[in-house]
Amino acid sequence: SPPCAYEIYSHARLAVGERKVVIVTLYRRLMSTPKSEGKQRFAVLDCEDAVKWDGLAIALSRLFSKEGDTWEHFRCWSGELPALSEIHTYTGLLITGSHSGVNDPDAWIEDLRRFLGKVVVHGGVKVFGTCFGCQLLAQALGGRAGANPKGKFVLQREELRCTETMLARRDYQTAAGIIPPAAGVG
């Protein structure tokens with residue numbers, strides 16, 4: 001499950017250079033499928049409209065792409081989303097971060113949350129969320145995401161403590177196996 005994998009990545013104590021290698025490796029392994037030979041189609045669900053972060057979604061697609069892949073850019077904050085009838089044609093969806101909060105009352109956030117819930121029910125496509133995207137995906141699946149206790153947008157590494165239940169999950173163990181032991185996961 002991508003939220004679980006993101007949680008592992010967030011929890012890892014890595015040097016800056018190692019983080020890029022781990023997250024790219026994790027993403028590629030999560031998105032690989034038996035049918036992933038040859039060209040693959042991906043969608044970047046861009047959740048950031050702040051000018052200072054402009055281009056981040058395109059940078060992520062370049063970071064994760066392989067030769068022959070097709071990456072489509074959807075500006076969720078302006079109402080753009082892939083057609084549900086086309087979801088089965090994508091290998092994966094990448095939901096970006098945002099300066100917005102998942103509990104903000106913006107219509108586009110609720111539209112994306114409902115869309116993600118339908119995508120999961122529809123099945124057949126893998127979903128990977130970063131920060132805001134991971135939180136919104138958790139909500140779409142019935143989970144909760146609370147406000148930052150610091151009361152503002154923070155861009156930094158956070159340390160997470162996983163429950164025994166989470167550590168026992170097979171999807172967590174699979175994703176943890178992707179991260180090298182030196183990463184300090186656990």
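Okay, let's start with what I mean by a salt bridge: a side-chain nitrogen of Lys or Arg within 4 Å of a carboxyl oxygen of Asp or Glu. With that in hand, take Asp111 and Arg114, whose closest N and O atoms are 2.7 Å apart, so they make a salt bridge under that cut-off. Keep in mind that this is a predicted model.

Where do those two sit? Asp111 and Arg114 are both in helix α4, and because they are three residues apart, about one helical turn separates them. The background here is that an α-helix has 3.6 residues a turn, so residues three or four places apart point the same way. On accessibility, Asp111 is partly exposed, with a relative accessible area of 36%, and Arg114 is partly exposed as well, at 44%. This pair isn't on its own, either: salt bridges with shared partners tie Glu110, Asp111, Arg113 and Arg114 into one network.

Another bridge in that network runs between Arg113 and Glu110, with 2.3 Å between the closest N and O atoms. Again we're in helix α4, with the two partners three residues apart, about one turn of the helix. Which of these two is buried? Arg113 is, with a relative accessible area of 15%. Glu110 is partly exposed, at 31% relative accessibility.

While we're on α4, let's look at the helix as a whole. It has 16 residues and spans 22 Å from first C-alpha to last, close to the 22 Å expected at 1.5 Å a residue. Besides Arg113, its buried residues include Trp108, Ile109, Leu112, Phe115, Leu116, Gly117 and Val119. What covers them? The cover includes strands β1, β3 and β4, and also helix α5. Just past the end of α4 comes Gly123, with a positive phi of about 75 degrees.

Now over to α5. That helix is mostly covered, with seven of its nine residues buried. Among the buried ones are Phe132, Cys134, Leu136 and Leu137. Just after α5 there's another glycine to point out, Gly142, which takes a positive phi of about 100 degrees.

Next, aromatics. The structure has two aromatic pairs. One of them is Phe42 with Trp71, and it's stacked: the centres are 4.6 Å apart and the planes are 15 degrees from each other. Phe42 belongs to strand β1 and Trp71 to strand β2, 29 residues apart, so to speak a link between distant parts of the chain. Both of these residues are buried.

Then there's Trp108 with Phe132. Why is that one called tilted? Its ring centres are 5.7 Å apart and its planes are at 35 degrees, and planes have to be under 30 degrees apart to count as stacked and over 60 to count as edge-to-face. This pair also links distant parts of the chain, with Trp108 in α4 and Phe132 in α5, 24 residues apart. Trp108 and Phe132 are both buried.

Let me go back to strand β1 for Arg41. Its charged end sits over the ring of Tyr90, 4.1 Å from the ring centre. Arg41 also forms a salt bridge with Glu72, where the closest N and O atoms are 2.6 Å apart. That bridge joins distant parts of the chain too, from Arg41 in β1 to Glu72 in β2, 31 residues apart. As for exposure, Arg41 is partly exposed at 22%, and Glu72 is partly exposed at 21%. In total, the structure holds six salt bridges.

Last topic, the cysteines. How many disulfides does a search of the whole structure find? Zero. Take Cys47: the closest cysteine sulfur is in Cys76, 4.5 Å away, which is too far for a bond. The cut-off is 2.5 Å between sulfur atoms. Cys47 is buried, at 1% relative accessibility. Cys134, back in α5, is in no disulfide either, and its nearest cysteine sulfur is that of Cys131, 8.4 Å away. Cys134 is buried as well, with a relative accessible area of 11%.

That's my tour; happy to pull up any of these residues on the screen.

Technical notes. Residues numbered from 1 in each chain as written. Predicted model: local features only at pLDDT ≥ 70, side-chain atom pairs only at ≥ 80, totals over all residues. Heavy atoms only, no water. Phe/Tyr/Trp six-rings, centres within 6.5 Å; stacked < 30°, edge-to-face > 60°. Helix = DSSP H or I, 4+ residues; strand = E, 2+ residues; numbered from the N terminus. Buried < 20%, exposed > 50% of the residue type's maximum accessible area, 1.4 Å probe, protein only. Lys NZ or Arg CZ within 6 Å of the ring centre and 35° of its normal. Expected span 1.5 Å × (residues − 1). Contact = heavy atoms within 4.5 Å.
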